[in-house]
Amino acid sequence: KELEELTSKLRNNLDIKDRKYLLTQYPKCFVGSEAVTYMLDNDICKSREEAVHLGKMLLAANVIRHVTSDHDFKDEKKFYMFAADEPSHGQKAKKDESNEDWSWSDFIPGKFKNNNDDEKK
């Protein structure tokens with residue numbers, strides 16, 4: 001339960017946004033050193049070392065991960081994301097406005113337009 005509370009607190013308060021490094025865009029991620037600072041400023045941890053240790057525990061529990069899975073949790077400008085924010089590869093994307101599944105026909109110009117409508121103009 002403590003893990004869930006900590007995860008919720010971090011997800012709600014860290015600056016989670018799309019970030020760019022070199023030519024690659026990483027969606028919905030946060031900076032490791034900013035997470036460490038947040039944990040200190042909010043009395044979650046008493047030292048930066050303790051915050052790094054907690055970050056490593058979150059990583060080991062698969063709550064967070066490094067965006068390219070190349071690093072352990074570090075008090076550095078490394079990007080991490082919450083597992084809950086990872087894109088699902090088995091789920092279809094939904095339209096924001098209606099929550100309906102996207103269809104190929106949505107990308108065809110003038111989709112299923114009734115040709116008689118053009119003649120009335």
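**Exercise 1. Determine how strands S1 and S2 pair, and what joins them.**

Solution. Strand S1 and strand S2, the latter covering residues 24–31, pair in the antiparallel sense over four bridges, in a model that is predicted. Two of the residue pairings can be named: Arg19 has Tyr26 in S2 as its bridge partner, and Lys17 has Cys29 in S2 as its bridge partner. The next step is to look at the connection, where S1 and S2 turn out to form a hairpin with two residues between them. In that turn, Leu22 has a positive phi of about 55°.

**Exercise 2. Work out the strand order of the sheet and state which strands stand at its edges.**

Solution. Four strands form an open sheet, in which the order is S1-S2-S4-S3 and the pairing is antiparallel. Strand S1 (17–21) and strand S3 (64–66) each have a single partner strand, so one side of each is left without a neighbour in the sheet, and these two are the edge strands. From one strand to the next, the twist averages 55°. To complete the picture, add helix H3 (residues 48–60), which lies across S3 and strand S4 (79–82) and runs at about 100° to S3.

**Exercise 3. Decide whether Tyr21 is buried or exposed, and find the surface patch to which Tyr21 belongs.**

Solution. Begin with the location, since Tyr21 has its place in strand S1. The relative accessibility of Tyr21 is 51%, and because the class "exposed" requires a value over 50%, Tyr21 counts as exposed. Turning to the surroundings, Tyr21 joins Leu22 and Leu23 in a nonpolar patch on the surface, and together the three have about 430 Å² of accessible area.

**Exercise 4. Describe the setting of Lys9, from its helix to its contacts beyond the sequence neighbourhood.**

Solution. Lys9 has its place in helix H1 (residues 2–13). With a relative accessible area of 40%, Lys9 is partly exposed, because this value falls between the 20% and 50% limits. When neighbours within four places in sequence are left aside, Lys9 is in contact with Tyr38 and Ile44. A further check uses Met39, which is 30 residues from Lys9 in sequence and 9.8 Å from it in space, taken from C-alpha to C-alpha.

**Exercise 5. List the buried residues of helix H2 and identify the elements against which they pack.**

Solution. Helix H2 spans residues 32–41, and its buried residues are Gly32, Ser33, Ala35, Val36, Tyr38 and Met39. These buried residues pack against H1, S2, H3 and S4, that is, against both helices and strands. After H2 comes Asp43, whose phi is positive and near 55°.

**Exercise 6. Summarise the protein chain as a whole, from its pattern of elements to its surface.**

Solution. Counting the elements gives four helices and four strands, which follow the pattern α-β-β-α-α-β-β-α when read along the sequence. The protein chain has 121 residues, of which 29% count as buried. For the contacts, consider those between residues at least 6 apart in sequence: 41% of them join residues at least 24 apart. Finally, the accessible surface of the protein chain comes to about 9,100 Å², and 48% of this surface belongs to carbon and sulfur atoms.

Methods. Residues are numbered from 1 along each chain as its sequence is written. This is a predicted model: local features need pLDDT of at least 70, side-chain atom pairs count only at pLDDT 80 or more; totals for chains, interfaces and linings use all residues. Side-chain values use heavy atoms; hydrogens and water are left out. Two strands pair if DSSP finds at least two bridges between them. Axes are lines fitted to C-alpha atoms, for helices over the stretch in contact, and angles run from 0 to 180 degrees between N-to-C directions. Contact means heavy atoms within 4.5 Å. Patches are made of residues with over 30% relative accessible area and no salt bridge: like charges are joined within 9 Å, nonpolar side chains (Val, Leu, Ile, Met, Phe, Trp, Tyr) within 5 Å. Accessible areas come from the Shrake-Rupley method with a 1.4 Å probe; for residues, only the protein chains shown count as cover. A salt bridge is a side-chain nitrogen of Lys or Arg within 4 Å of a carboxyl oxygen of Asp or Glu. Buried means under 20% relative accessible area, exposed over 50%, partly exposed in between (1.4 Å probe, protein chains only).
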